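Colleague: Before I trust the terms that are used for a model like this one, I would like to see each of them set against its definition.

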Amino acid sequence: MEKYYESDADLGDLAGKTIAVIGYGSQGRGQALNLKDSGLDVIIGIRPGKSREQAEKDGLSVFDVSEAARRADVIQILLPDENQAQVYKNEIMPYLSENKCLMFSHGFNIHYGQIIPPKDVDVVMVAPKGPGHMVRRTFEEGKGVPALIAIEQDYTGNAKKIALAYAKGIGGTRAVVLETSFREETETDLFGEQAVLCGGVTSLIKAGFETLVGAGYAPEMAYLEVLHEMKLIVDLIYEGGFTNMRDSISNTAQYGDITRGPRVVGKESYEAMDEILCEIQTGEFAKEWILENMVNRPVFNALTRSDEEHLIEEVGAEIRSMMPQFRKD
Ligand SMILES: NC(=O)C1=CN([C@@H]2O[C@H](COP(=O)(O)OP(=O)(O)OC[C@H]3O[C@@H](n4cnc5c(N)ncnc54)[C@H](OP(=O)(O)O)[C@@H]3O)[C@@H](O)[C@H]2O)C=CC1
Ligand SMILES: CC[C@](O)(C(C)=O)C(=O)O
Ligand SMILES: [Mg+2]
Ligand SMILES: [Mg+2]
């Protein structure tokens, strides 16, 4: 894979260009503030509401989406994936004139054909591999979150330079920028969040918690054991891989880890992962998610509510309120 660092990217490639960040949520805010601090000309396209108020409070130039799209040379779409196609069609496409650059941080809408841009624009991706709040926090600490770039259309011949300059502007080249394709980013990102990072982890934590509480242990004990300590263990893996984590834990824990772990994530889990990946590759998941939004998200809402009401959330809120590190005041 091609890898890029600070010296491979030139902020000058965005000199004189206006970047419109469309949407001011997790990624929108993080990326826009970093771009501004990098000295680039950034404006925000957003509907009236909470996000718009926040962007104004942050001192950014704020416009309706269509006006921002009209003014911009680079249009970075950071709306929820499920809203992008409609906003694109009504408020962006009419202003997407020749030579502009259409940018994404996730390939869903391009890869699954929900947005089909005209041929006379660049279409690129700059996708930080981390939550938007961390994109901002890490940048403020003088570091960066790794990012992916992908080039879907290179009409101007400058698409890669623009993508690299943008990645530098948000701090990505301070870590590393990898070049991929829209397909590879979309499929791996969906798989990662469903099977491992979000779906896998929350299901694992819930299963451990329910097993301990079901066997009569105190919910507070179960929470500290399977949720609170999760971050401490994952931090060690993040910093230096499995070996680093295993250097830190007891030999008893390590023996339990390597002999019992594969029993928890066994054949059935591998089969489920294959199935989930297949649903992503065939577009079945994308179709399900698009249709779910068309009928006002009955499954999304019911399952979210049920998890919000889970005992682990109640116990967690109580325990965190006792710990100074979690107090917001
Ligand atoms: N969350 C993350 O960390 C990551 C996200 N991505 C990708 O980045 C993109 C943005 O995701 P994310 O940052 O999570 O999105 P959020 O849900 O956090 O924010 C979406 C923003 O879009 C605005 N918005 C929603 N609908 C409209 C509309 N119809 N017109 C105008 N503005 C609208 C929201 O404003 P309002 O307050 O008015 O609702 C909000 O400011 C997605 O493609 C996602 O896959 C990629 C990597 C990580
Ligand atoms: C892991 C979830 C994510 O893919 C991300 C923060 O990278 C997302 O879509 O939010
Ligand atoms: Mg992701
Ligand atoms: Mg994602």
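Modeller: What follows takes a few such terms in turn.
This is a predicted model, in which local features need pLDDT of at least 70 and side-chain atom pairs count only at pLDDT 80 or more, while totals for chains, interfaces and linings use all residues. Residues are numbered from 1 along each chain as its sequence is written, chains are lettered from A and ligands numbered from 1 in the order in which they are written, and side-chain values use heavy atoms, with hydrogens and water left out.

Colleague: What makes E193 a polar contact of ligand 2?

Modeller: A polar contact is a pair of N or O atoms within 3.5 Å (within protein, one must be able to donate a hydrogen and the other to accept it, and residues adjacent in sequence count only if both atoms are side-chain atoms). An N or O atom in the side chain of E193 is 2.5 Å from an oxygen atom of ligand 2, so the pair meets that limit.

Colleague: Which atoms of S51 and D81 make such contacts with ligand 1?

Modeller: Side-chain N or O atoms do, at 2.5 Å from a ligand 1 oxygen for S51 and at 2.6 Å for D81.

Colleague: How do you know that the span of helix α16 agrees with its length?

Modeller: Helices are DSSP runs (H or I, at least four residues; strands are E, at least two), numbered from the N terminus. The expected span is 1.5 Å times one less than the number of residues, so the 12 residues of α16 should span 16 Å, and the 17 Å between its end C-alpha atoms agrees.
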